Amino acid sequence: MDDHKLINGADIFKSPISIFIDKPDPTDPSTTPTDIAVYLSARERSRYTIKTGTEVGHSEGNAFVNLQLRNLFGGAESLNAHGSLGTRTRSAYSVGFDAPVLSNPDFRFEVNGQASSTLKSWASHEEILKSGTTRLKYLTKGGHRHEVGYSGIWRQVTGLAENASPTVRGDAGDSFKSSLTHTWINDRRDYPLMPSRGYLMKTVAEIAGFGPLKGDASFGKLEGETQAAVPLGSSGITFTAGLRGGMLYPLTLSGGDKPVQSRINDRFQLGGPTDVRGFRLSGLGPHDGPDAVGGDVYAAGGASLLFPIPRVGADTPLRLQAFINGGRLLALKGKLKEGMIDSAAVLSNMRRTIAALKDGLPSCAAGFGVVYAHPVARFEINFSLPLVRRDAEAGRKGLSFGVGVEFL
């Protein structure tokens with residue numbers, strides 16, 4: 001193991017870490033005139049960090065406190081605790097333990113527990129979650145990041161509004177999801193929050209309730225994302241483009257004989273200031289009355305031009321933006337009511353649903369705004385104009401404010 005790499009990756013020393021090369025002491029009988037001596041100079045970070053603050057963005061605001069304990073047992077282990085209260089995520093608490101495996105900072109083990117209560121006004125309910133998760137995270141020599149994990153999540157759809165739709169009422173109550181996940185990321189962008197060059201490729205795969213996995217949700221879920229950024233000459237203007245897509249495939253529960261209908265907890269949502277701008281949060285896709293009930297297949301894409309602000313310069317993290325983006329979110333064709341469908345019919349219906357993504361123009365919007373890439377998150381203020389909107393979808397003409405680490 002490279003000592004310098006270990007020191008940098010352990011997150012227990014302050015930057016910069018200095019390296020000095022010198023000749024060894026000539027009086028040392030264990031050395032020869034051709035030897036060199038390497039010295040590392042590093043200052044250890046504080047054993048604990050406490051942060052408090054407020055956040056505003058993604059259609060909510062919250063107050064939070066974070067606690068991090070470092071190098072608990074002398075092997076770069078850490079304990080992280082988080083608590084927050086907000087307007088949409090009413091409460092969220094988590095505690096996690098992270099440690100390198102065999103002293104390798106590129107191979108880490110993580111276990112954590114979480115509890116949260118989130119008001120989902122776009123679907124007339126509140127969702128309460130309690131979960132436990134374990135993960136193995138590793139980085140390959142080629143720079144590819146992988147995460148393999150297991151999670152058990154108890155979910156409750158509760159606090160229904162008086163006008164909640166039949167779809168939401170049908171999914172109300174408790175459910176339990178037991179799933180395995182794998183995430184792969186190959187990120188070659190120079191600055192992920194506002195790249196000027198490079199590309200990103202990412203996939204997330206999940207399988208729940210199938211075979212030895214228990215619970216009452218059973219599906220295979222796959223999402224993929226790609227993004228590329230290209231500088232246009234030396235003027236500081238950058239062109240970025242991205243695509244995302246995903247599908248949720250119903251599977252048979254362990255011990256069952258029919259595929260299981262997807263639940264609102266697991267279906268995709270699309271629309272909002274951090275993905276398809278120009279639409280309200282979860283404004284795209286299937287609706288039942290006033291409620292956005294999510295979909296099983298989606299595709300979305302966008303393109304942006306980022307310009308330096310005159311008299312501010314290209315060396316600052318502030319840009320003007322012009323964009324166009326759009327997407328489709330569809331429910332699985334056919335019905336799985338009371339299990340009256342077999343696996344062959346599910347496959348046929350999934351093929352029909354994927355083929356329907358290209359039927360007609362996607363819901364789309366265009367606009368312009370200002371982007372600021374803070375080291376922690378990206379901030380956007382945009383004026384958006386919906387260009388294509390399907391029936392029941394909720395567009396948003398005018399100003400919107402977005403905060404996040406991932407944008408279409």
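# Notebook: strands, rings and spaces

**Entry 1, the strand ladder.** I began with the pairing of strands, and I found that strand β12 (residues 219-232) and strand β13 (residues 237-250) run antiparallel and are joined by 14 bridges. I note at once that this is a predicted model, and I keep that in mind in each entry below. As one example of a position in this pairing, I looked up Q227, which stands opposite G242 in β13. The hairpin of β12 and β13 has 4 residues between the strands, and there G233 takes a positive phi near 70°.

I then followed β13 to another partner, strand β16 (residues 297-308), with which β13 pairs in the antiparallel sense over 10 bridges. Here I picked out R244, whose bridge partner in β16 is A300.

Going the other way from β12, I found that β11 and β12 pair in the antiparallel sense over 11 bridges, and that Y199 stands opposite A228 in β12. Strand β11 (residues 198-208) is also joined to β10 by 9 bridges, and these two strands run antiparallel. In that pairing I noted D187, which stands opposite L200 in β11.

**Entry 2, aromatic pairs.** How many aromatic pairs does the count come to? The count comes to 6 aromatic pairs, and I looked at some of them in detail. F73 and F97 form a tilted pair, with 6.4 Å from centre to centre and 55° between the planes. This pair links distant parts of the chain, since F73 is in the loop between β4 (60-70) and β5 (78-86) while F97 is in strand β6 (residues 89-101), 24 residues apart. I also asked myself whether F73 is buried or exposed. F73 is exposed, with a relative accessible area of 65%, whereas F97, at 24% relative accessibility, counts as partly exposed.

The next pair I looked up was F107 with Y138, where the ring centres are 6.2 Å apart and the planes stand at 90°, so the pair is edge-to-face. F107 lies in strand β7 (residues 104-120) and Y138 in strand β8 (residues 125-139), so the pair ties together parts that are 31 residues apart in sequence. On accessibility, I wrote down that F107 counts as partly exposed at 28%, and that Y138 is partly exposed with a relative accessible area of 33%.

I also found one aromatic cluster formed by Y372, F379 and F401.

**Entry 3, charges over rings.** I then turned to charged side chains that lie over ring faces. K221 lies over the face of F268, at 4.9 Å from the ring centre. R378 lies over the face of F407, at 5.0 Å from the ring centre.

**Entry 4, the second largest pocket.** About 710 Å³ of space lies in the second largest pocket. Its lining is made up of 30 residues, of which D98, R108, E110, K137 and E147 lie nearest the centre of the pocket. The elements that give two or more residues to this lining are β4, β5, β6, β7, β8, β9 (145-158) and β10 (173-187). Which strand gives the most to the lining of this pocket? That strand is β7, with 6 residues. When I sorted the lining residues by kind, they divided into 9 nonpolar, 10 polar and 11 charged.

K137, one of the residues nearest the centre of this pocket, led me to a further look-up, on V101. V101 and K137 are 36 residues apart in sequence, yet they are 9.7 Å apart in space, C-alpha to C-alpha. V101 has its place in strand β6, and at 23% relative accessibility V101 counts as partly exposed.

**Entry 5, the cavity.** Last, I looked for enclosed space, and I found that the structure holds 1 cavity of 30 Å³ or more. About 30 Å³ of space lies in the largest cavity. Which residues line the largest cavity? They are A217, S218, F219, V260, Q261, S262, R263 and D266, and by kind they divide into 3 nonpolar, 3 polar and 2 charged.

Technical notes: Residues numbered from 1 in each chain as written. Predicted model: local features only at pLDDT ≥ 70, side-chain atom pairs only at ≥ 80, totals over all residues. Heavy atoms only, no water. Phe/Tyr/Trp six-rings, centres within 6.5 Å; stacked < 30°, edge-to-face > 60°. Buried < 20%, exposed > 50% of the residue type's maximum accessible area, 1.4 Å probe, protein only. Lys NZ or Arg CZ within 6 Å of the ring centre and 35° of its normal. 1 Å grid on protein atoms, 1.4 Å probe; cavity = no way out; pocket = protein on both sides within 12 Å on 5 of 7 lines; lining within 4 Å. Points joined across faces, edges and corners; volume = space filled by probe spheres on them. Nonpolar A, V, L, I, M, F, W, Y, C, P; charged D, E, K, R; others polar. Pairing = 2+ DSSP bridges.
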